[in-house]
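Welcome! Here is a friendly tour of one protein model, with the sequence and the 3D view to explore as you read.

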Amino acid sequence: MVTMGDMMGRVSLMPALLALALLSPWGAAGGSCPQRCVCASNILSCSQAVLSSVPSPLPRFTAVLDLSHNNVSRLRADWAPGRLAHLHALLLSHNGLSFVSTEAFTHVPHLRHLDLSSNRLRALEENLFSDLGELEVLLLYNNEISSVDRTAFDNLGRLRKLYLGQNRIARFPLELLRDGSRLPQLALLDLSANRLHSVPVGELQALPAWLRDRLYLHGNPLACSCPLFQLVARGRDRRLSAVVDFQEELRCVLPAGSVTVSILSLAGQQPLNCSEAQEAVLEAHLGDTVTLSCDTRLRGVRQRHWVKPGGDRVLEEGGNGSAALLANGSLQLRGLGAEDAGTYACWVAGPLLNETLYVELLVHNSTSHGPHDTLNTAYTTLVGCILSVVLVLIYLYLTPCRCCCCRGSEKPPAPRDDSINSSVLSTTPNHAAGGPGEPPRSRSASVSGPGQNGRFKGGGTPQAPPRHGPKAQRKVSDPDSVSSVFSDTPIVV
C-alpha cells in the first residue's frame with residue numbers, strides 16, 4: 001500500500017532525476033549513442049563493429065573516438081560534419097585505410113593522439129597534418145608509406161612521438177631533425193624496419209643525446225661502414241635505449257654481398273676492421289679556444305656543474321679564470337695551456353635520476369698552425385732535392401761533347417799520346433827561341449808527318465812541321481800539354 005508520504009517522496013525525487021538526465025552527456029541535449037557503439041561518459045568505442053564509414057552524427061562532447069578494426073577505407077573531409085572541439089584522441093588502426101583527405105582534420109583542432117597504424121597508406125601528402133597544432137603522438141607504423149612530402153609534418157610544434165616503423169621509406173627524413181625547427185618538441189622517432197640503405201651518420205652524431213636515445217633504426221638494410229659502427233658503438237657505451245634494447249636487430253649488409261652481420265661485430269673484423277669507438281675525445285692545440293659539450297640524455301635538467309682535471313668545480317656562468325660555463329651547459333676553455341689537458345666531468349641532475357659525462361681533452365704541444373708549417377718545410381725540402389737531381393742530370397748529359405761527336409769539325413783535337421811521348425823521349429828542347437824581339441814559341445812534337453798516324457819511327461825523332469802566326473803559340477797553362485811535368489828542360493816564359 002502506497003502511503004501519501006511515499007507519493008510525496010517520489011514527487012520530490014523527480015526533479016533531481018530530470019536534472020541528472022539533462023546533465024548526462026547522453027541526455028537529450030547531447031545526442032544519443034550511435035548504433036553498434038559503446039558509450040561511456042565522453043568515450044565513444046566503435047571498435048570491431050564492421051563499419052565501412054564513420055557513424056553519424058557524432059556527439060559533440062566526444063573526447064575519445066575508437067574506430068579501430070573496421071572497414072573505413074577512406075577518411076574524407078566530411079567525416080565529422082560539425083566541430084568536435086573536445087576530441088583529443090582518434091583511433092583508426094586496422095581499417096584498410098588507403099586515403100586521408102588533406103582537410104580531414106579541420107574540425108578536430110585539439111587532437112593530441114592520432115593512430116593511423118596498420119593500414120594501407122602509401123604516401124603522406126602535402127600539409128596533411130598541418131591543422132593539428134596540438135598533436136603530441138602520431139602513429140603511422142605498419143603501413144605501405146614510401147613517399148613523405150617535406151611539408152607533411154609542418155605546424156606540428158607540439159609533436160613528441162612519431163612512429164614511422166614498418167613502412168617502405170628509403171630516404172632518411174633528416175629535415176625532421178635538423179636544427180630542431182620543424183619539430184622542436186620531438187623526442188622519439190621510429191624509423192625501424194624500413195628500406196634505409198644509408199643514414200647521415202655525421203649529422204646524427206651531432207644530435208643531442210636525449211634525441212639519439214629514442215632514434216630507432218634497427219631492421220633496416222643499412223650498408224656496413226666504420227662511421228656507422230662508431231655511431232652505434234657510442235650509443236651502446238652511453239646506454240642509449242635505441243641501441244641497448246635492439247642490439248641484435250641492429251644489423252648491416254657487408255660490401256659486395258648480401259650477408260648481414262651485427263653492426264657491433266665490425267670492430268677489428270675483416271673486411272672493414274673498424275677501430276673501437278672512443279666517446280667524447282677532443283683534440284686541440286696550445287692557445288686554442290674549445291667548447292666541451294655536456295651531451296646528456298636527460299631532459300628537464302635541474303642542475304649541472306663541471307669538474308676540471310685538477311678537481312676544481314665550475315658552477316656558475318663566467319667560471320673560474322679561463323673556464324666559463326655557458327648557458328646551454330657547455331664548458332668553454334680559452335687560451336689552452338699544457339696544464340688544461342685531462343678528463344673533464346659534467347655532473348647532471350635530472351627529474352628522476354642523475355648522470356655523469358666524461359670528456360677527454362688532448363692538448364698538442366704546438367700551435368694550431370704547426371702541422372701546416374711542418375708540411376710546408378717538408379714540401380720545400382723535397383722540391384729542393386728534386387731540383388738538385390735535375391741540375392746534376394743536366395750537367396752530366398747536356399754539356400757540350402768534347403770527344404767523338406766533335407771529330408767532324410775543322411779543328412782536329414790535339415793528340416794527348418804524342419805530347420806525352422815527345423816530352424819524355426825527345427832530346428829536342430820544348431821551346432825554340434824566335435827572332436830578336438819575339439817571344440819564344442813552343443814547338444809541339446806531337447804532330448807527325450803524313451801517313452805517320454801520330455806514331456814515331458823507330459830510331460829517329462819525328463820532324464815537326466813549322467807553324468806560323470800567333471795561333472801556333474802554345475801557352476804553358478794549356479791543359480792539353482803535360483810537358484811541364486815530364487820534361488827536364490826548364491820552362492821558358
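In this predicted model, a disulfide connects Cys226 with Cys274, with an S to S distance of 2.2 Å. This pair ties together distant parts of the chain: Cys226 lies in helix α4 (residues 226-237), whereas Cys274 lies in the loop between β16 (260-262) and β17 (281-285), 48 residues apart. The structure holds five disulfides, and some of the others appear below, followed by sheets, strands and rings.

**Disulfides**

- A disulfide is a covalent bond between the sulfur atoms of two cysteines.
- The torsion about the S-S bond of Cys226 and Cys274 is about -90°, and therefore this disulfide is left-handed.
- Are the two cysteines of this link buried or partly exposed? Cys226 has a relative accessible area of 25% and is partly exposed, while Cys274, at 3%, is buried.
- Cys33 and Cys39 are also joined by a disulfide, with 1.8 Å from S to S. The link of Cys33 and Cys39 is right-handed, with 85° about the S-S bond.
- Cys33 has a relative accessibility of 30%, so it counts as partly exposed.
- Another disulfide runs from Cys37 to Cys46, with an S to S distance of 2.0 Å. Because the torsion about the S-S bond of Cys37 and Cys46 is about 105°, this disulfide is right-handed.
- Cys37 counts as buried at 12% relative accessibility, and Cys46 is buried too, with a relative accessible area of 1%.

**The nine-stranded sheet**

- Strands of a sheet pair through backbone hydrogen bonds, either parallel or antiparallel.
- In what order do the strands of the open sheet of nine strands come? The order is β1-β2-β3-β5-β7-β9-β11-β12-β13, and the pairing is mixed.
- At the edges of this sheet are β1 (38-40) and β13, each of which pairs on one side only.
- Inside that order, strand β5 (residues 89-91) pairs with strand β7 (residues 113-115) in the parallel sense, over three bridges.
- To find this pairing in the 3D view, look for Leu91, which stands opposite Asp115 in β7.

**Strand β24 and its partners**

- How do the side chains behave along strand β24 (residues 354-364)? They alternate: Glu355, Leu357, Val359, Leu361 and Val363 point to one face and are buried. Asn354, Thr356, Tyr358, Glu360, Leu362 and His364 point to the other face and are not buried.
- β24 pairs with β17 in the parallel sense over five bridges, and Val281 stands opposite Glu360 in β24.
- Strand β23 (residues 342-349) is joined to β24 by eight bridges, and these two strands run antiparallel.
- Glu360 in β24 is also the bridge partner of Thr343.

**A look around Val290**

- Val290 belongs to strand β18 (residues 290-292).
- Is Val290 buried or exposed? Its relative accessible area is 10%, and buried means under 20%, so Val290 is buried.
- Leaving aside residues up to four places away in sequence, Val290 touches Leu282, Ala284, Leu331, Gln332, Leu333, Leu336 and Leu361. One of these, Leu361, is among the buried side chains of β24.
- Val290 and Ala323 are 33 residues apart along the chain, and their C-alpha atoms are separated by 9.9 Å.

**Aromatic rings**

- A pair of aromatic rings is described by the distance of the centres and the angle of the planes.
- How many aromatic pairs are there in this model? The count comes to three.
- The rings of Tyr216 and Phe246 have centres 5.7 Å apart and planes at 85°; planes over 60 degrees apart count as edge-to-face, so this pair is edge-to-face.
- The Tyr216 and Phe246 pair links distant parts of the chain, 30 residues apart: Tyr216 is in strand β13 (residues 215-216), and Phe246 is in the loop between α5 (241-244) and β15 (251-253).
- Tyr216 is buried, with a relative accessible area of 12%, whereas Phe246, at 24% relative accessibility, counts as partly exposed.
- One aromatic cluster is formed by Phe105, Phe129 and Phe153.
- A charge also meets a ring here: the charged end of Arg74 sits over the ring of Phe99, 4.4 Å from its centre.

Methods. Residues numbered from 1 in each chain as written. Predicted model: local features only at pLDDT ≥ 70, side-chain atom pairs only at ≥ 80, totals over all residues. Heavy atoms only, no water. Helix = DSSP H or I, 4+ residues; strand = E, 2+ residues; numbered from the N terminus. Buried < 20%, exposed > 50% of the residue type's maximum accessible area, 1.4 Å probe, protein only. Contact = heavy atoms within 4.5 Å. Phe/Tyr/Trp six-rings, centres within 6.5 Å; stacked < 30°, edge-to-face > 60°. Lys NZ or Arg CZ within 6 Å of the ring centre and 35° of its normal. Pairing = 2+ DSSP bridges. Disulfide = S-S within 2.5 Å.
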